[in-house]
Amino acid sequence: FSMFFIQITVTEFILLGFPGCQEEMQMLFFSLILVVYLLTLLGNGAIVCAVKWDRRLHTPMYIFLGNFAFLEIWYVSSTVPNMLVNILSDTKTISFTGCFIQFYFFFSLGTTECFFLSVMAYDRYLAICCPLHYPSIMTGKFCVVLVCVCWVSGFLCYPVPIVLISQLPFCGPNIIDHFVCDPGPLFALACIPAPSTELICYTFNSVIIFGPFLSILGSYTLVLRAVLRFPSHAGRTKAFSTCGSHLTVVSLFYGTLMVMYVSPTSGNPAGMQKIITLVYSAVTPLLNPLIYSLRNKDMKDALKKVLGLRIHQN
């Protein structure tokens, strides 16, 4: 009975967010994050609409990109709205259940993003290294299967770690020095040390991050080797341009992710954890539409058509 009582003592957590900032600075943070959020929704939403409405983009590469943009909308929405409410709130509380629901969706969507980046790299590998076989391999049906596998497997990965962490006894304090429910601060709040659970979660994060990353690395190593053999300079330039945007996104996302979750969490100060989390959870989803559209003529033309049509209709 006493153990049960200890486990239900903490019914909510306090997400400190950005403590110590003056009210003016808090409002500046709020305004900047709100603008970033709205621009992210606009940019990724435009890509989703362009892929849906422009028949020229009904190819596997753009179908993956459209799903990736749709994913980014939900990924940024899993944390930023609560972060904005938290900045304006005096209590800054989140319920125990709400904390773990946010944890689940944030990490599941992040895992799905890893899988999509891996599939997009595989698609570029097939298109550049096996151009003659590409239409017969990357059929519409196979493309749909890969999309479904990314979404379903992304959401099936994290229930086990979340259940393990939620079963730890939390008996106070309940203050999380972060703006999201993250495993590192949650482990620090547990009443008893849980080295086995920490090891399981650390190993789990490493596998989920490095598995797709090694797949991406392998795909682009083969792509680079094939591109360097192209006889024409124009062919090499086009191939590098096609892959360059994807590599930029991979570098941004995986760079921050590895610093945060593969290196021991305790080694990063709380301030650094917040900055890194802010980069991959809010800034990267904002940059992705710009990176993909600025380097892709078909996407730029489709976006102009979609945005022009919307403006004309209004």
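Student: What makes the length of α5 fit expectation?

Tutor: Take the expected span of a helix: 1.5 Å times one less than its number of residues. α5 has 34 residues, and the expected value is 50 Å. The helix reaches 49 Å from its first C-alpha to its last, close to that figure. The model is predicted: local features need pLDDT of at least 70, side-chain atom pairs count only at pLDDT 80 or more, and totals for chains, interfaces and linings use all residues. Residues are numbered from 1 along each chain as its sequence is written, and side-chain values use heavy atoms, with hydrogens and water left out.

Student: What makes a stretch a helix or a strand here?

Tutor: Both are DSSP runs: H or I over at least four residues for a helix, E over at least two for a strand, numbered from the N terminus. By that rule the protein has 13 helices and three strands.

Student: Why does the length of α2 agree with expectation?

Tutor: α2 has 31 residues, so at 1.5 Å a residue it should span 45 Å. Its end C-alpha atoms are 44 Å apart, which agrees.

Student: Why is Thr 40 called buried?

Tutor: Buried means under 20% relative accessible area, exposed means over 50%, and partly exposed is in between (1.4 Å probe, protein chains only). Thr 40 has 0% relative accessibility, so it counts as buried. Thr 40 lies in α2, residues 23–53. Other buried residues of α2 include Phe 30, Ile 33, Tyr 37, Asn 44 and Ile 47.

Student: What does Thr 40 touch?

Tutor: Contact means heavy atoms within 4.5 Å. Leaving out residues up to four places away in sequence, Thr 40 touches Gly 45, Val 76, Ala 282, Pro 285 and Leu 286.

Student: Why does Cys 201 count as buried?

Tutor: Its relative accessible area is 6%, so Cys 201 is buried. The residue sits in helix α10, residues 195–227. Beyond four places in sequence, Cys 201 touches Pro 161, Ile 165 and Phe 187. Cys 201 and Leu 164 are 37 residues apart in sequence, yet 8.9 Å apart in space, C-alpha to C-alpha.

Student: What makes Lys 92 unusual in its phi, and where does it lie?

Tutor: Lys 92 has a positive phi of about 60° although it is not a glycine. It lies in the loop between α4 (80–88) and β2. At 16% relative accessibility, Lys 92 counts as buried, so its loop position does not make it exposed.

Student: How do you know that β1 and β2 pair?

Tutor: Two strands pair if DSSP finds at least two bridges between them. β1 (residues 12–15) and β2 have three bridges, in the antiparallel sense. Phe 13 stands opposite Ile 94, and Glu 12 has Ser 95 as bridge partner.

Student: How many bridges join β1 to β3?

Tutor: Two bridges, and these strands run parallel. Leu 15 has Ile 176 of β3 as bridge partner.

Student: What makes β2 and β3 edge strands?

Tutor: β2 (93–95) and β3 (175–176) each pair on one side only. The open sheet has the order β2-β1-β3, with mixed pairing.

Student: Which residues form the covered face of β1?

Tutor: Phe 13 and Leu 15; Glu 12 and Ile 14 form the uncovered face. In a regular strand the side chains alternate between the two faces of the sheet.

Student: Where does α5 lie relative to the strands?

Tutor: α5 lies across β1, β2 and β3, at about 85° to β2. Axes are lines fitted to C-alpha atoms, for helices over the stretch in contact; angles run from 0 to 180 degrees between N-to-C directions.

Student: What makes α5 mostly covered?

Tutor: Of its 34 residues, 25 are buried. For the protein, 46% of the 314 residues count as buried.

Student: What makes a set of residues a nonpolar core?

Tutor: The members are buried Ala, Val, Leu, Ile, Met, Phe, Trp, Tyr and Cys residues, joined through side-chain atoms within 4.5 Å. The largest such core has 79 residues, with Phe 13 and Phe 170 making the most contacts inside it. α5 (residues 96–129) gives the most to this core, with 16 residues. Another core, of twelve residues, lies apart from it and includes Phe 18 and Val 80.
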